Amino acid sequence: MQIQEIQAKSIIAPSKIPSCDYAINPYTGCQHSCIYCYADYMGFYSGHCEPWGQFVDVKINGAELIDDCQKYRGQEIMFSSVTDAYQPIEKKYKLTRQILEKLVPCQPKITILTKSTLVTRDIDILKQFENVQVGFSLITTNPEHQKMLEPGANSPSERLEALAQLKTAGIKTSIFVAPILPYFTKLEDIIKAGADRADYFLFDAFNRKSSKKVLSFIAKSYPQWLPKYEYVLRDENYKEYKSKLKEHIDKLMIEYKIKGKILFSGK
Ligand code: SF4
C-alpha cells in the first residue's frame, strides 16, 4: 500500500451528484478496494499506476483550505464522491474530522456515505450540525461475500452496529444498497437487518459501466453465475431486469414499511 502526503489546491468541489451541491474528498484512492468501484478512474487522473486499493494520497492541508466557509451555509456537502472519508488511514490522519470541525460554524447540510465504522468516532462533531445524515453502503449481509467484494471495509454486522450507534445518538441514518449485484445482494435480508436502524434506504442497480471488472471477478470466483450476469447485461435484457428489480423493491418497501428511494429507472 503506497501512502503519500500531498498538498492539495482545493478540498471542496462542486458536485456532479444531483442531490448535493459540493463534494469533499479528503483522500485520493481508497483502501476499501471494492471490486465494483466506479471511482477507480481516479488512479489514472492522479497519475498512479498502482492498482485501485493499493494507493492513497492524503490531502494533508485539507482542513487549512477551508478558510472562509460562509458561502457553504445551508449548502449540501457530501463526504465523499470518489473515496471513503473514513477508510482506515483516517484513523491516523483525522483529516475528515478536522475538515468537519472547520465546517461546524457555517452549518452546511452534511451527508456522509461510508463503509467504515470509524465514522462513529466523530459522533461528537456530527451532533454539532443541525442537518447531518450518515449512510452506510451495504450490498450483502453475508460476511464471506462482503470480504471478497469489499476486502478493506468493515463487515456487514459491524456496519449495522455502527448504524445503531449513530441512530441512538440522534443522527439521521440510511442504508445505500448499491450496486445491487445478482446473487450477492439479497434485498430482503438487508432490509430485515437494517429496518430498525436506518431512517431510509436508497437502492441502485448494477451499473454497466463497471461491469468489466465485476465480470472478470465472477468468471474467476463464481463461474457458475457468469451466464446470469452476461444475460442481465445484454442490451435487450437490461431494461427488463431493472423493471423487475424495481417491482421487487417496491413490494419489499411496502411489506417492511420502510422509507426508501429507487435511484434507477425501471424503464
Ligand atoms: S468504499 Fe467507495 S470509493 Fe472506496 S473502493 Fe469502495 S466503492 Fe470505491
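**Overall architecture, sheets and ligand surroundings**

The protein comprises 10 helices and 11 strands. The radius of gyration is 18 Å, close to the 18 Å that the globule rule gives for 267 residues, so the protein is as compact as a globular protein of that length. The structure described here is a predicted model. Along the principal axes, the C-alpha atoms of the protein fill a box of roughly 50 × 45 × 30 Å. Of the 267 residues, 36% count as buried. Contacts between residues at least 6 apart in sequence were also examined. Among these contacts, 77% join residues at least 24 apart.

The strands of two open sheets are described next. One open sheet consists of eight strands in the order 2-3-6-7-8-9-10-11, and its pairing is mixed. Its edges are formed by strand 2, which covers residues 12–14, and by strand 11, which covers residues 260–262. Each of these edge strands pairs on one side only. On average, neighbouring strands of this sheet are turned by 25 degrees against each other, with direction ignored. Within the sheet order, strand 6 stands next to strand 7. Strand 6 spans residues 76–79 and strand 7 spans residues 109–114. These two strands pair in the parallel sense, and four bridges are found between them. In this pairing, Glu76 has Lys109 of strand 7 as its bridge partner.

Another open sheet contains three strands, arranged in the order 1-5-4, again with mixed pairing. Strand 1, residues 2–6, and strand 4, residues 27–28, are its edge strands, and each pairs on one side only. In the order of this sheet, strand 5 stands between strand 1 and strand 4. Strand 5 comprises residues 55–59 and pairs with strand 4 in the antiparallel sense over two bridges. The bridge partner of Tyr27 in strand 5 is Val58.

The surroundings of the ligand were considered separately. Three cysteines belong to the residues around the ligand, namely Cys30, Cys34 and Cys37. His32, Ser33 and Ala39 are also found around the ligand. The remaining residues of this shell are Thr83, Asp84, Lys115 and Glu150. By residue class, the shell divides into four nonpolar, three polar and three charged residues.

Note on methods: Residues numbered from 1 in each chain as written. Predicted model: local features only at pLDDT ≥ 70, side-chain atom pairs only at ≥ 80, totals over all residues. Pairing = 2+ DSSP bridges. Near = placed C-beta within 6 Å. Nonpolar A, V, L, I, M, F, W, Y, C, P; charged D, E, K, R; others polar. Axes fitted to C-alpha atoms, helices over the stretch in contact; angles between N-to-C directions. Rg over C-alpha atoms; globule rule 2.2 N^0.38 Å. Buried ≥ 20, exposed ≤ 12 C-beta atoms within 10 Å, placed from the backbone. Contact = placed C-beta atoms within 7 Å.
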